[in-house]
Amino acid sequence: MAGDKKSLHPAFAVTNIKNLIPIFLDIKQDEYSSWVFLFQLHLQAHNFSFLIDGTSPPPELDASTILQLDALCRQWMFATMAKDLMLMVLKSGTTAKQIWDHLQRLFQENKGSRAVTLGSKFVNLKFIDCNSVDDYCDKIQALSHRLSDLDFPMNENRLVIQLVNGLP
């Protein structure tokens, strides 16, 4: 009798995905690659990356559990994205993989133009536009991270040059 009992998948015990994936995916921000990294890490830890990477599910999972995990994965995606983005992708697919692929296309197709916009903000940031030295440095660092997320990394020399150029 004990062998007939179906055990609950550990992913169903997650009560607040926002604690585990603290990055909020937003089309207006460029933190997609960081969000992807954390999301994939979380799926890997719970052994259901197969939902987004196209690999075969583990043989011990039945079809019903796979459908439930897929729904859970979609819920996690929606819970960690901005409302505008969620409404944009809500009907883009009926599976986690379809939504995942749609998000990838959405964020990767126009990253060049987003990098140009961020690059302009980066070079035009001035100390006078900030509340303090810490705020100024934080904004330079944040823009640098966002550019790196778009595959346009800034090296330390470039950061120092921008830091000095923006000073009065």
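**Reading a predicted chain**

A: In this predicted model, pLDDT (the predictor's confidence in each residue, from 0 to 100) stays under 50 over residues 1-5. For residues 1-5 the model has zero contacts (heavy atoms within 4.5 Å) beyond four places in sequence.

Q: How should such a stretch be read?
A: Where pLDDT is low, the predicted coordinates should not be read in detail. For the protein chain, the mean pLDDT is 87, and 96% of its residues reach 70 or more. Local features here need pLDDT of at least 70, and side-chain atom pairs count only at pLDDT 80 or more, while totals for chains, interfaces and linings use all residues. Residues are numbered from 1 along each chain, and side-chain values use heavy atoms, leaving out hydrogens and water.

Q: By what are two packed helices described?
A: By the angle between their axes and the distance between the axes. Here, the axes of α7 (residues 111-124) and α8 (residues 133-149) come within 10 Å. They cross at roughly 160 degrees. The two helices are therefore roughly antiparallel (angles over 145 degrees).

Q: Which residues of α7 and α8 make the contact?
A: From α7, A115, L118, G119, K121 and F122. From α8, I140, L143, S144, R146 and L147.

Q: Is H46 buried or exposed?
A: Buried means under 20% relative accessible area, exposed over 50%, partly exposed in between (1.4 Å probe, protein chains only). H46 is buried, at 17%. H46 lies in the loop between α2 (32-45) and α3 (50-53).

Q: What does H46 touch, not counting residues up to four places away in sequence?
A: H9, P10, A11, V14 and W76. H46 and A11 are 35 residues apart in sequence, but 5.9 Å apart in space, C-alpha to C-alpha.

Terms used. Axes are lines fitted to C-alpha atoms, for helices over the stretch in contact, and angles run from 0 to 180 degrees between N-to-C directions. Helices (H or I, at least four residues) and strands (E, at least two) are DSSP runs, numbered from the N terminus. Angles under 35 degrees count as roughly parallel, over 145 as roughly antiparallel, 65 to 115 as roughly perpendicular and the rest as oblique.
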